[in-house]
Amino acid sequence: MRTSRPVAGSLAVLGYIIMIVPILFVVATSFTGGRTLRFPPEGFSLQWFEAALTYDPFISALVSSLQLALIATVLALAIGIPATLAIHRGAIPGKGVIEGLFLSPLIVPELVVGLALYQQLMIGFGLANFETLLLGHTVLMLPYAVRVTGASLALADPALEEAARGLGASPLRAFFTITLPLLRPGIFSAGLLSFLTSFNNVPLSLLLQSRDFRTLPVTMLDYVQQSYDPMVAAMATLILAGTVVIAVIAERTVGFAKIFGGINR
Amino acid sequence: MNAAAEFAGVSQVFGDFTAVDSIDLRIAQGKLTTLLGPSGCGKTTTLRMLAGYAAPTSGRIDIDGVDSTRTPPEKRNLGMVFQSYALFPHLTVAENVGYGLKLRRVPAAERQQRVQETLELVGLGHLAASKPKKLSGGQQQRVALARAIAIRPKLLLLDEPLSNLDARLRVHMRAELRRIQSETGLTVVLVTHDQDEALEMSDDMVLMRAGRIMQQGAPQDVFPNPANRFVADFLGYENFLTAADGSVLAVRPEHLDVLPVGGPTAAGGLALDATVTDVAYRGVDMLVTVRTVDASGADVRLISDVRSDGLSTVSIGDVVTVTAPPSRLVAMAAEVPEPVR
């Protein structure tokens, strides 16, 4: 890349530096032997990892976040995939409006969505905050579920399903043996994006938190406001490590090009 | 002859567009029938209605003597080859061909044997384990054909099967399709816009225009006797003139002769004085364009395709006599009215 396009290549390298260097500072700080969140670290120790992993609010928040992200992802896919199929293959009027509706959570500010959910569901209907959060996160993920699976559906030849029908497959059979396998990379990437969106979300989770249910980013934010020790850096490093592991698995099993290739096309 | 399929008064209307306009059509058992016509004539819609992918707006379609108008495609047992081939990209060649057999619960051993036999029939026995993406266009098409044949369909339906192949391969595949048809004894319906393809391959050809059937018959009957100007035009009769009785006469360029003025002409044939407006030398033959006036008094342009060696030099501006023997003049009704769509 650098040999043929020197400017673009340099910009890309600069971009990587800007994105990665701050992360390296956090990672380095988490291994400090000292007591404050400061760079360069003083000495080397794993004490803050131990502290983070035994700090109950972090661990229960991590479990909450994972639960929330996982269930919301499943829900978003369960709603988004059939919606995508209907939009792309169904004979329904107003497809553009319906797709726009599914994509609108990208545009509406999350604080507005959060406040609306808070007012209507938690205050109005007295819904518990986990259910409300789950609903909010699911809505937030729908654009990914619809857009990303839609992109891979748009690439698949509609004649494939017809061919399967002609060979004797019922519509359901044709969907499960032909369409679904072709959509798998798209569904995988939609799931991955949804999961990360939920896991990293702050505005919605901040507005809809409660004493019993709080997500990890909110808990960490809370913690930073009260104390300035490196435990939060250690927790951040652990999350980073987890994300890298997921990324490696995704790359090995499906391949990034295939997962994210569908988005831009 | 038994009909493998029969259309009675079948129409297909999309909004205010009539794609197929109340057609009656018999597809003969064990023959190769082509649906021929320009794009938009309704030939593909007709095939899709036969396959069950589009329900007729009105009319009735019988397959094997059974009313199948509303039967879904999976219950028709027809083999369809799509223009895009529509091979399942995530399955191997053998799995593609075996897909329909698996759905029919054919036991694995028998299935494998039939897949292999069918692949041998189309000359691809050695590629069973490949993924479709690795194959050339011609090979992919053979896989699509094998997949359709493997289920032993009542009819084999081919939608413009040769249009994505290069010219040489296309001519070769015409013969291949004929061979496969005669070896399997299948009833084949083939959609094409290529009149050479239709003439060469058909037992029965159906010419369509604007959702209607213009003429149906064996190529040997249709070609020398086009029913109307549209059919004649489509089959390469380039010269049309109005006769004294108001009917239209059509002559193929190769049957139109260019002679010096005042020479002998066949009795009852065509003999018109004309002015040469263009001469195109093409090696073996040459195309001579002339301008003349027909019996109705209209200015007409005629093209003659004559062998270069049989003709003394003709140049632009020469006054000549264009002639055709009576046996080469095809009379037909005047212009077919443009159907309302």
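Q: Let's start with a single pair: which residue forms a salt bridge with B:Glu110?

A: A salt bridge is a side-chain nitrogen of Lys or Arg within 4 Å of a carboxyl oxygen of Asp or Glu. Here B:Glu110 pairs with B:Arg114, and their closest N and O atoms are 3.7 Å apart. Before going on, please note that this is a predicted model, where local features need pLDDT of at least 70 and side-chain atom pairs count only at pLDDT 80 or more, while totals for chains, interfaces and linings use all residues. Residues are numbered from 1 along each chain as its sequence is written, chains are lettered from A and ligands numbered from 1 in the order in which they are written, and side-chain values use heavy atoms, with hydrogens and water left out.

Q: Where do B:Glu110 and B:Arg114 lie in chain B?

A: Helices (H or I, at least four residues) and strands (E, at least two) are DSSP runs, numbered from the N terminus. Both residues belong to helix 3 (residues 108-121) of chain B, and because they are four residues apart, about one helical turn separates them.

Q: Is B:Arg114 buried or exposed?

A: Buried means under 20% relative accessible area, exposed over 50%, and partly exposed in between (1.4 Å probe, protein chains only). With a relative accessible area of 11%, B:Arg114 is buried, whereas B:Glu110, at 36%, is partly exposed. Elsewhere, salt bridges with shared partners link B:Arg142, B:Glu176, B:Arg179 and B:Glu183 into one network.

Q: Which parts of chain B does the salt bridge between B:Glu6 and B:Arg26 tie together?

A: The side chains of these two residues, B:Glu6 and B:Arg26, meet at 3.7 Å, N to O. B:Glu6 sits in strand 1 (residues 3-14) of chain B and B:Arg26 in strand 2 (residues 17-28), so the pair ties together parts that are 20 residues apart in sequence. B:Glu6 is partly exposed at 31% relative accessible area, and B:Arg26 is partly exposed at 40%.

Q: How many salt bridges are there between chain A and chain B?

A: The count is two, while the structure holds 21 over all chains. One of them pairs B:Glu74 with A:Arg165, with the closest N and O atoms 2.6 Å apart. B:Glu74 lies in the loop between strand 5 (66-67) and strand 6 (79-81) of chain B and A:Arg165 in helix 7 of chain A, so this pair joins two chains. B:Glu74 is buried, at 16% relative accessible area.

Q: What area is buried between chain A and chain B?

A: The size of an interface is often given as the accessible area lost when the parts come together. Buried area is counted with a 1.4 Å probe and summed over both parts. Between chain A and chain B this comes to about 1,600 Å², with carbon and sulfur atoms giving 63%. A:Glu162, A:Arg165 and A:Leu167 supply 37% of the area that chain A buries against chain B, more than any other three residues.

Q: Which residues have the most contacts inside the largest nonpolar core?

A: In soluble globular proteins, nonpolar side chains tend to be buried together. A nonpolar core is a set of buried Ala, Val, Leu, Ile, Met, Phe, Trp, Tyr and Cys residues joined through side-chain atoms within 4.5 Å. The largest one has 41 residues, and those with the most contacts inside it are B:Leu50, B:Phe88, B:Tyr99, B:Leu155, B:Leu157 and B:Val189. A second, separate core of 34 residues includes B:Leu121, B:Leu127, B:Met173 and B:Leu186.

Technical notes. Buried area is the accessible area (1.4 Å probe) that two parts lose on being put together, summed over both.
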